[in-house]
Amino acid sequence: MKFLSYIFVISIILVNIMTAQTIDVSKKPESLPAGEFKFPSHKEKTLPNGLKIFVIEDKDQPTLSLNLLIPGGTSVDTKAGTADLLAALLTKGAGKRSAQQIANEIDGVGASISASSTGDYITVSASGLKKHMKLILDIYTDVVLKPSLPEDEFEKLQKQMIAGLINDKSQPSKLGAILARKVLYGENHPYANSATEKSVESIEIDDVKQYYSTYFKPNQASIAIIGDVNAEEVFKAIDKSFGDWKKGKSLEIKIPEAKPMPKGVYFINRPGSTQSTVIITSLGVPSTDEKYETLELASKIIGSGFGGRLFRTLRETYSFTYTPWGYLTSSKYLNRFACGADVKMDKTDSSITVIMEQLQQLADEAPAADELNRLLKFELGQYYMSFENSSFLASLIQSADFLNIPLERFKSYPSRLQATSGKAISAMAYDFMNPKNAFIVVVGDPKVKQDLEKFGQIIEYNLDLEPISGEKAKMEKVSLSPEDLMKKHIDAIGGKSSIAAVNSMIVKSKSNMIIQGQSLEGDIIEYKKAPNKYYLKMDMGMFVQELWCNGQQAFSGQNGIFSEIKGKQYDKIMGDGIMFATTKLLENGFEMEVLGRQDGNIVVKAKSKAGEEYTYYFDAKTYLLNKYEQLEEMSNATYPVTVKMSNYQKVGDVMLPMLVETNSEIYKLKNENTYELNKEMDDQMFLPKK
């Protein structure tokens with residue numbers, strides 16, 4: 001047998017040698033003749049309750065998948081974040097199963113069930129082996145029809161979502177995209193609806209239940225089943241599972257026209273950034289518009305990966321960035337074109353100029369024949385290849401149903417694509433990507449602002465996307481000197497004599513810290529003794545951190561290991577040890593400038609002797625401090641930090657905040673405080689015990 005195997009192998013080698021001798025390797029081989037493409041078939045049925053069922057039989061693998069589409073999505077949120085929370089909560093308990101039981105049973109058969117939301121709809125998906133269809137469909141049906149929406153799981157997801165939103169502040173591209181939507185569609189437009197920490201905190205479990213009862217209706221939904229299945233059997237199984245789902249009142253989702261904000265450069269201040277995120281955006285057309293396909297091709301001429309013009313200019317010609325991008329969104333009612341890049345800080349204005357030039361060139365001139373042919377061949381190839389995955393066909397069928405357009409539009413796409421002219425692409429670019437109609441959004445260090453004034457008025461925002469300049473953030477002038485303000489602030493707290501009478505202070509805090517997606521509960525205790533002695537212990541369960549400062553030296557300690565603190569960190573801790581520090585800004589050498597009144601606050605810029613800059617917001621009525629902003633160094637990087645004070649109450653003869661909240665891109669800390677004044681303190685407690 002071995003001898004026969006050797007002969008077989010040798011015969012193959014000889015054939016290869018002989019074949020190689022007849023091939024002219026200097027000539028490019030001819031392409032194989034193109035096979036005729038036939039749009040795959042599917043079967044569909046509508047149940048008496050209005051649920052539309054689409055079945056795609058695919059016998060290649062013994063698997064199946066399901067996808068339910070419910071119109072609505074985040075655009076119909078009354079409180080931004082509700083649809084996202086509902087989608088996350090659907091699999092956290094359904095029917096008689098808890099979240100853990102669902103996870104165990106689904107994982108146990110190597111299947112998956114998930115839900116997600118977009119601006120236009122919520123989808124619930126499942127996949128697994130065909131032999132487990134009964135179990136998968138049983139759990140899937142409960143998730144869709146009988147979600148328990150448990151409050152304890154809701155509270156966990158709510159905290160996780162807030163943690164994610166805090167993390168988003170460290171991602172300039174996400175901040176820029178959110179602001180770009182607001183600028184282009186209008187601040188209160190449904191497509192500009194974006195979850196914030198405040199909006200998510202305001203959501204209650206009843207809001208989630210109300211969303212579910214309003215939009216989860218069979219006569220508004222469609223379900224696609226793909227895999228090694230028999231259509232008639234699937235129709236019976238879906239009818240059995242979903243046939244009793246009660247029909248509801250059809251809801252017409254109305255998305256208003258866009259109301260763009262005034263033209264200008266919308267700038268998000270992110271002090272310490274070494275790069276700038278640049279976004280150029282303009283209004284497009286709905287996905288149902290016949291112009292959409294050609295406009296999408298125009299967007300790909302600009303930003304389609306390695307073949308896009310921004311890649312060839314911003315990256316290859318100028319080396320301003322590594323990964324420029326451009327795209328056209330695909331929403332049902334409104335869309336926007338956006339392009340941009342994360343660029344070197346000192347090249348922010350130059351990058352905008354290059355992008356604008358590329359947009360203008362496409363608007364003025366049709367792309368060259370070779371550039372157009374490359375794009376059309378690539379898009380056609382991608383379209384055909386996508387049918388290798390039957391889920392793509394299912395998405396087209398459900399999209400046609402959702403968009404209320406004939407499926408024929410997708411079937412005839414290749415012929416329309418091949419007939420697209422460069423002139424048509426240029427016309428779309430002129431109408432919808434023209435830089436004259438574009439809006440500019442930049443996230444970066446304030447140092448670059450003056451370089452951007454040539455593109456229009458600078459309208460500034462903070463990291464919470466609150467306007468800090470422009471008409472909405474107009475600063476009223478006030479006749480108030482720093483000295484007058486400090487006197488009013490001191491009087492608001494209790495007066496000079498009452499403040500001076502406080503020799504020591506103990507602050508005990510029940511704390512919640514959200515960091516790196518985790519929510520930690522713990523306790524913080526601070527001891528302060530005049531003039532600048534300070535001790536802090538932060539016990540968050542996972543870690544215990546201590547700080548000591550005796551007015552001359554400062555130390556930090558963790559797990560019994562101590563280290564001395566010097567330099568800027570020492571100066572900061574010395575400042576933390578000063579009681580009623582904001583009443584002593586002038587006497588401690590701060591330079592202060594009263595900027596004016598804004599949103600009920602007296603806004604003050606201040607600079608310490610060491611050059612550190614702060615912005616203080618004093619309540620215009622009470623003159624108590626509402627918040628302050630500063631830059632903080634963490635992990636060899638600089639981040640903006642906001643500290644808010646609220647719920648002031650009288651303790652002894654002075655007013656103190658019962659709630660202090662610290663927000664940064666890295667963490668969020670919420671302290672609920674109690675105070676003790678003028679307790680005896682041994683000076684030894686302000687040095688670590690060695």
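Is F306 buried or exposed? Exposed: its relative accessible area is 65%, and anything over 50% counts as exposed. Here are my other notes on this predicted model.

1. **The F306 pair.** F306 has an aromatic partner in F311, with the two rings arranged edge-to-face at 4.9 Å centre to centre and 80 degrees between the planes. F311 comes out at 8% relative accessibility, and since the cut-off for buried is under 20%, F311 counts as buried. So this pair joins an exposed ring to a buried one.

2. **Other aromatics.** The structure has 23 aromatic pairs in total. Another one to look at is F242 with W245, which is tilted, at 6.0 Å between centres and 50 degrees between planes. Here both partners, F242 and W245, are buried. There is also an aromatic cluster made up of F39, Y383, Y384, F387, F392 and Y413.

3. **Overall picture.** The protein chain has 690 residues, and 51% of them are buried. I count 20 helices and 27 strands along the chain. The C-alpha trace spans about 95 × 70 × 60 Å along its principal axes. Accessible surface adds up to about 35,400 Å², with carbon and sulfur atoms holding 50% of it. Of the contacts with a separation of 6 or more, 69% are between residues 24 or more positions apart.

4. **The cores.** In soluble globular proteins, nonpolar side chains tend to be buried together. The largest nonpolar core in this model has 65 residues, and the members touching the most others are L66, L68, Y140, I223 and I238. Helix 5 (residues 151-168) gives this core its largest share, seven residues. A second core, separate from that one, has 60 residues, among them F320, L375, L407 and I440.

5. **I223 up close.** Leaving out residues up to four places away in sequence, I223 touches L51, K52, I53, F54, L66, N67, L68, Y140, I238, F242 and Q398. Three of the names to pick out of that list are L66, L68 and Y140, which are also among the best-connected members of the largest core. F242 is on the list too, and F242 is the ring that pairs with W245.

6. **First six-stranded sheet.** This one is open, has mixed pairing, and reads 1-2-8-3-7-6 in strand order. Its edges are strand 1 (43-46) and strand 6 (112-117), each of which pairs on one side only. On average, neighbouring strands are turned by 15 degrees against each other, direction ignored. Strand 2 (residues 52-57) and strand 8 (residues 222-227) run parallel and are joined by six bridges, with I56 standing opposite I226 of strand 8. Helix 4 (residues 133-145) lies across strand 3 (63-71), strand 6, strand 7 (121-129) and strand 8, at about 160 degrees to strand 7.

7. **Second six-stranded sheet.** Again the sheet is open with mixed pairing, this time in the order 11-12-10-13-9-14. Strand 11 (325-328) and strand 14 (458-461) are at the edges with a single partner strand each, so one side of each has no neighbour in the sheet. The twist from one strand to the next averages 20 degrees. Strand 9 (residues 265-269) runs parallel to strand 13 (residues 439-444), with five bridges between them. V265 stands opposite I440 in strand 13, and I440 is also a member of the second core.

8. **Helices on that sheet.** Helix 6 (residues 172-185) lies across strand 9, strand 10 (275-283), strand 12 (336-344), strand 13 and strand 14. Helix 12 (residues 348-364) lies across strand 10, strand 12 and strand 13. For helix 6 the angle to strand 10 is about 30 degrees, and for helix 12 the angle to strand 10 is also about 30 degrees.

9. **Around strand 27.** Strand 15 (residues 504-515) pairs with strand 27 (residues 667-677) in the antiparallel sense over 11 bridges, and N512 stands opposite K670 there. Strand 26 (residues 654-664) is antiparallel to strand 27 as well, through five bridges. L659 has E672 of strand 27 as its bridge partner, and the hairpin joining strand 26 to strand 27 goes through two residues.

Key: Residues numbered from 1 in each chain as written. Heavy atoms only, no water. Core = buried A, V, L, I, M, F, W, Y, C linked by side-chain atoms within 4.5 Å. Buried < 20%, exposed > 50% of the residue type's maximum accessible area, 1.4 Å probe, protein only. Helix = DSSP H or I, 4+ residues; strand = E, 2+ residues; numbered from the N terminus. Contact = heavy atoms within 4.5 Å. Pairing = 2+ DSSP bridges. Axes fitted to C-alpha atoms, helices over the stretch in contact; angles between N-to-C directions. Areas by Shrake-Rupley, 256 points an atom, 1.4 Å probe, with all protein chains shown as cover. Phe/Tyr/Trp six-rings, centres within 6.5 Å; stacked < 30°, edge-to-face > 60°.
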